[in-house]
Amino acid sequence: MAKAKTAKKAINLALQGGGAHGAFTWGVLDRLLEEEDIEIHGISGTSAGAMNAALLMDGYMEGGAAKAKQQLADFWFEVSQLGALFNQMPMQHLRGMLPSGFGMDWLTGFNPIDMLSRTFSPYELNPFNINPLRTILERVLKIENLHGCNMRLFVAATNVETGQPRIFKGEEITVDVLLASACIPFVFQAVEIEGAPYWDGGYAGNPAIWPLIYKTDCTDVLLVQINPLMRKGTPKSAIDIINRLNEISFNSSLIAEMRAVNFVKKLIHEGTLDHHHYHDVHMHMVSPPDHVHDMNASTKMDADWGFFQMLHEIGREQMDQWLRKHKSALGLRSTLDIEKNFLVKPKSKITHTSATLTEKAST
């Protein structure tokens, strides 16, 4: 008697952007694709997250999980070859010599380049609008595969004029859309789509969660988080201040969405909202260990192949740990404590002082 096939576990992916740190997400996806009993229904991606998603889906259409793994590896190697043209010296030779929190700003050539990008716009520094990522994507990606794939892809970009996010999906997704989602305003000219200019999707949705909840039938969302929510201490140098401002900006939309998800979940569990009309999503998260989060934000510009490989291995390890600990929860419950991770409330000195004054007055 033939053995009955076990039903696959369904999952949606929400992939943050984060420049070179997107190689961590490559590692997460590389490990996840080895799970034959897990089926990806939809992916929401921003910036590097959108590119990882597109390459995974393109490869899957060409030759299943094995081809998807290869497609991701090829892309990140191509990016490293491009980066080798700009790096003055490979970061891998310096890593053991630098203190914790090192970054690209330790390189002698980085600060002048960074200063130029803060002084002159990409319209002045790059009048011909050359974007090497376009060449790579057009060479390795068959965009038509994204339109015919059973997985649903949602890509966020920020409309420059309105400041609102736009979620591209289905046949709307092109190489231009992927480049728009990764368009850092100080580095690249805005990408024009249908007459409107777009910048990096991280400003308005990094990544957008709601399309996965309301545009797919899957109840489980795995967030691959790259940007640190918390960074202890006050940044003092100009570069560190700018980096922290970028981290806060790129996390603000995600925090707002997670607040909304948590609020709806509470109301459903309390019986205030009808679960037939509102989705009680199961949230999960994989994120880098502390020593990666503690890296200087400028390492997001480090395109050294050794650095990519290191992040890839860390991503695989983190995904492997998550699978061993939480895979059985898919379809049943959340494994992410939203309140603990996203809704941290600092102690208020004002409240404490008011309470003290009230106590004194009563005596």
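Here are some notes on the predicted model shown above, taken point by point.

1. Let's start with the overall make-up. The chain has 363 residues, and buried ones make up 51% of them. Its secondary structure comes to 13 helices and eight strands. If we take the contacts between residues at least 6 apart in sequence, 77% of them join residues at least 24 apart. The accessible surface comes to about 18,800 Å², with 56% of that belonging to carbon and sulfur atoms.

2. Now to the interior. The largest nonpolar core holds 65 residues, and those with the most contacts inside it are L13, I43, L56, F75 and L153. Helix α2, which covers residues 48-84, gives the most to this core, with 12 residues. Apart from it lies another core, of 20 residues, and A14, M258, V281 and L343 are among them.

3. L56 deserves a look of its own. Which residues does L56 contact, leaving aside its neighbours within four places in sequence? They are L29, L33, I40, I43, A68, L72 and M151. I43 is also among the residues with the most contacts inside the largest core.

4. E78 is another residue to pick out in helix α2. With a relative accessible area of 24%, E78 counts as partly exposed, because buried means under 20% and exposed means over 50%. Not counting residues up to four places away in sequence, E78 touches I136, R139 and V140. E78 and I136 are 58 residues apart in sequence, yet their C-alpha atoms are 6.9 Å apart in space.

5. Over in helix α9 (residues 238-270) you will find N262. Is N262 buried or exposed? Its relative accessible area is 12%, so N262 is buried. Setting aside residues up to four places away in sequence, N262 touches I338, E339 and L343. L343 is also one of the members of the 20-residue core.

6. On the outside, you may like to find the nonpolar surface patch of about 390 Å² made by I184, F186, V187, W199 and Y203. F186 sits in the loop between α7 (175-181) and β5 (191-193). F186 is partly exposed, with a relative accessible area of 43%.

7. A word on cysteines, since a bench reader may well ask. A disulfide is a covalent bond between the sulfur atoms of two cysteines. How many disulfides does the count come to, if the sulfur atoms of a pair must lie within 2.5 Å? The count comes to zero. C149 is buried, at 12% relative accessible area, and C218 is buried too, at 7%.

8. Finally, some backbone details to check. Most residues other than glycine have a negative phi, and most peptide bonds are trans. Here a cis peptide bond joins N206 and P207, with omega about -10 degrees. P207 has its place in the loop between β6 (196-200) and α8 (210-214).

9. Positive phi values also turn up outside glycine. S47 has a phi near 55 degrees and lies in the loop between β2 (38-45) and α2. E194 has a phi of about 50 degrees and lies in the loop between β5 and β6. Their surroundings can be set side by side: S47 is buried, with a relative accessible area of 9%, whereas E194 counts as exposed at 66% relative accessibility.

Notes
Residues are numbered from 1 along each chain as its sequence is written. This is a predicted model: local features need pLDDT of at least 70, side-chain atom pairs count only at pLDDT 80 or more; totals for chains, interfaces and linings use all residues. Side-chain values use heavy atoms; hydrogens and water are left out. Patches are made of residues with over 30% relative accessible area and no salt bridge: like charges are joined within 9 Å, nonpolar side chains (Val, Leu, Ile, Met, Phe, Trp, Tyr) within 5 Å. Accessible areas come from the Shrake-Rupley method with a 1.4 Å probe; for residues, only the protein chains shown count as cover. A salt bridge is a side-chain nitrogen of Lys or Arg within 4 Å of a carboxyl oxygen of Asp or Glu. Helices (H or I, at least four residues) and strands (E, at least two) are DSSP runs, numbered from the N terminus. Buried means under 20% relative accessible area, exposed over 50%, partly exposed in between (1.4 Å probe, protein chains only). A nonpolar core is a set of buried Ala, Val, Leu, Ile, Met, Phe, Trp, Tyr and Cys residues joined through side-chain atoms within 4.5 Å. Contact means heavy atoms within 4.5 Å. A disulfide is a pair of cysteine sulfur atoms within 2.5 Å.
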